[in-house]
Every structure is written in C-alpha cells, then in structure tokens.
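Hi,

Here is the structure I said I would pass on. Have a look at it first, and my notes on what turned up follow right below.

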Amino acid sequence: MGAVLPLAFGMVIKILFNPASEGISISGALIYFTIPMPLQNLPITESQVNSALVVITIFFLCLYFTHGLSVKSNLKRQIIAEWIVKQTQSLVKTNMSDYFAGFAPFVAAIMGLSAFSSLLALLGLYAPTSDINIVGGWAILVFVLITYYKMKCGPLHYVKSFGDPVPFLSPLNIISEVATPISMAFRHYGNVLSGAVISVLVATGLQGLSNIIYSLLPKALERVLSNVPILQIGLPAILSIYFDVFSGCLQAFIFAMLTMLYVASGFPEEDYFARRAKKLAKLKK
C-alpha cells in the first residue's frame with residue numbers, strides 16, 4: 001500500500017494541474033509552482049515531483065521485500081530480493097574489479113530509479129527520464145564519482161593521465177573527459193523522449209486515418225462510428241510496451257553499465273595498490 005500511494009498522489013496532481021488540450025500535444029514537464037530565490041526563482045516541475053514519488057515508491061518496496069527476512073524462508077518476496085541482490089552482485093563482479101565489491105547497492109539504485117521513472121508513462125504520468133535536467137543531474141553525480149576514483153592516486157596522477165598515451169593528445173583527452181556526462185545524459189534522455197514523441201505521433205496519425213476511413217462510409221454509419229477510433233486499438237499499446245517498458249528498462253541497464261565501465265576503467269588500480277604498498281612500507285619502517 002505504501003508503494004502505491006505515492007503513484008496515486010502523482011496521478012491526482014496530474015489530473016488537477018494538467019490543462020485541457022485538443023489534438024496532438026507534445027510538451028515538457030508542467031511547472032506546478034515557483035519558489036522565489038535571491039539569484040533565480042526555483043520552479044517546482046512535474047519531473048521533480050515525479051522523481052521524488054519514484055524514490056518514495058522504491059523506498060517502500062525495499063521495506064516490503066526486506067521485511068521479515070530469515071535464514072531459511074520460502075517467502076516469495078525474500079526470494080525476489082535475494083535474486084535481485086545476486087544478479088546485481090554478479091553484474092558488478094563481471095564488469096568491475098574486486099575492489100568495487102560493495103558497489104552493487106549503488107548500481108541497483110541507479111537501475112531502479114531510472115527504470116521506475118520511465119515506467120511512470122504507463123500510468124499517464126510524465127516520465128522524469130524525458131527531462132534533460134533530471135538525467136543531466138544523474139550524469140553529473142556519476143561524473144563526480146568517476147573523477148573521485150580517477151583521483152585515488154592523487155591530483156597529480158590524475159592530471160598526468162591526460163597525457164596518455166602521448167602528451168599532444170591532451171586536448172582530445174580533456175574534451176573526452178568533459179563529454180562523458182554529456183553523452184550519458186543525452187543518450188538516456190534522447191532515447192526515452194524520442195519513444196514518447198513517436199508514440200504520440202503514431203496514435204494521432206491513426207486517429208486521423210480512422211476519420212478518413214469513416215468519411216467514406218454512409219453518413220448514418222459514420223455518425224455511429226465517429227467516436228470510436230478503431231485503428232488506435234492495439235498498435236499504440238504495442239508501441240507503449242516497446243518504448244515505455246523495453247526501451248525504458250534497457251536505457252536504465254545501459255546507464256548503469258556505463259557507470260560501472262567508466263568508474264572501473266578510470267580507476268588506476270595497479271598504481272593505487274602500488275602507492276598504498278609504499279605507504280605501508282614507510283609506516284613499518
């Protein structure tokens with residue numbers, strides 16, 4: 001019940017604030033209200049509220065799956081929880097080194113937040129992953145994490161890494177470093193938003209095609225069937241399964257994979273442990 005209430009609350013807000021529109025409508029997140037700030041006003045948008053609702057929903061789901069755990073249990077929710085943990089740990093172990101063994105909760109959180117945000121479209125809510133500000137914020141946080149692990153051997157070692165393999169490639173390496181969060185954000189945002197736009201365009205096109213077909217029928221039959229866009233039955237639902245479910249979950253998986261690969265590849269593991277061994281040797285002396 002706790003996991004359902006935030007989503008129901010979001011649907012109620014959507015109904016209350018969503019303006020009536022006719023025909024095709026493709027727009028960004030609604031602005032519910034604006035908080036006055038000294039430098040710039042802070043708009044509270046639909047994507048921000050829906051992101052918070054997703055976090056609350058995942059929190060209650062975690063409480064549900066982890067409630068009443070025991071060593072020997074046949075509870076379905078414990079079996080599901082154990083399966084999620086094992087699969088995430090296996091994914092981290094395959095794509096990262098043993099040093100990142102504790103990275104599994106973070107990866108699971110990324111995939112869960114992204115997937116649930118995209119799946120909100122099934123409830124008629126605005127998907128936060130369709131907002132570049134939300135996905136861009138995730139990418140910046142991941143970029144900070146990537147930079148943190150790249151600097152494990154110190155700032156000087158991090159600066160020197162831009163000269164690999166040859167110094168004159170430093171400008172390209174710097175551009176590549178800056179492009180990392182940009183590419184992660186636009187890849188995720190672009191795929192989710194394009195799916196939503198295509199679904200709306202196809203549904204609207206099918207409605208227009210239905211009207212053309214009805215215009216060829218006798219007037220009496222046209223008046224009876226005019227309110228039933230028969231060509232919109234079935235195909236939009238199939239597109240929704242692909243764009244909202246499959247593509248949304250796939251983009252969540254890709255975002256998590258890129259996070260693991262960027263962090264693991266940027267971490268100078270050999271140099272880090274060599275430096276650590278030297279420090280321990282000095283302390284022993």
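A quick definition before anything else: a helix here is a DSSP run of H or I with at least four residues, and helices are numbered from the N terminus. With that in hand, glutamate 269 can be placed in helix 10. Keep in mind that this is a predicted model.

Now the overall picture. The protein has ten helices and two strands, and along the sequence they come in the order α-β-β-α-α-α-α-α-α-α-α-α. Of the 285 residues, 32% are buried.

Most of my notes ended up around helix 10, which covers residues 269-284.

Let's start with the charges. Glu269 belongs to a patch of negative charge on the surface, together with Asp98, Glu270 and Asp271. Glutamate 269 has a relative accessibility of 30%, so it counts as partly exposed. There is a patch of positive charge on the surface as well, and its members are Arg275, Lys278, Lys279 and Lys282. Lysine 278 is part of helix 10. Is lysine 278 buried or exposed? It counts as exposed, because its relative accessibility is 61% and the cut-off for exposed is over 50%.

Next, the aromatic rings. The structure holds 18 aromatic pairs. One of them joins tyrosine 99 and phenylalanine 273, with 5.9 Å from centre to centre and 85 degrees between the planes, which is an edge-to-face arrangement. Where do the two partners sit? Tyrosine 99 is in the loop between helix 3 (76-95) and helix 4 (104-119), while phenylalanine 273 is in helix 10, so this pair ties together parts that are 174 residues apart in sequence. Tyrosine 99 is partly exposed at 28% relative accessible area, and phenylalanine 273 counts as partly exposed too, at 35%.

Phenylalanine 273 also pairs with tyrosine 272: their ring centres are 5.3 Å apart and the planes stand at 75 degrees, so this pair is edge-to-face. As for tyrosine 272, its relative accessibility is 14%, so it counts as buried, given that buried means under 20%.

These three residues, Tyr99, Tyr272 and Phe273, are part of one aromatic cluster, which also takes in Phe100, Phe103, Phe106, Tyr148, Tyr149 and Phe267.

If you want a place to begin on screen, try phenylalanine 273 and its pair with tyrosine 99, then go on to the positive patch with Lys278.

Cheers

Methods
Residues numbered from 1 in each chain as written. Predicted model: local features only at pLDDT ≥ 70, side-chain atom pairs only at ≥ 80, totals over all residues. Heavy atoms only, no water. Patch = residues over 30% accessible without salt bridge, like charges linked within 9 Å, V, L, I, M, F, W, Y side chains within 5 Å. Areas by Shrake-Rupley, 256 points an atom, 1.4 Å probe, with all protein chains shown as cover. Salt bridge = Lys/Arg side-chain N within 4 Å of Asp/Glu carboxyl O. Lys, Arg positive; Asp, Glu negative; His and termini not counted. Charge placed at Lys NZ, Arg CZ, Asp CG, Glu CD. Buried < 20%, exposed > 50% of the residue type's maximum accessible area, 1.4 Å probe, protein only. Phe/Tyr/Trp six-rings, centres within 6.5 Å; stacked < 30°, edge-to-face > 60°.
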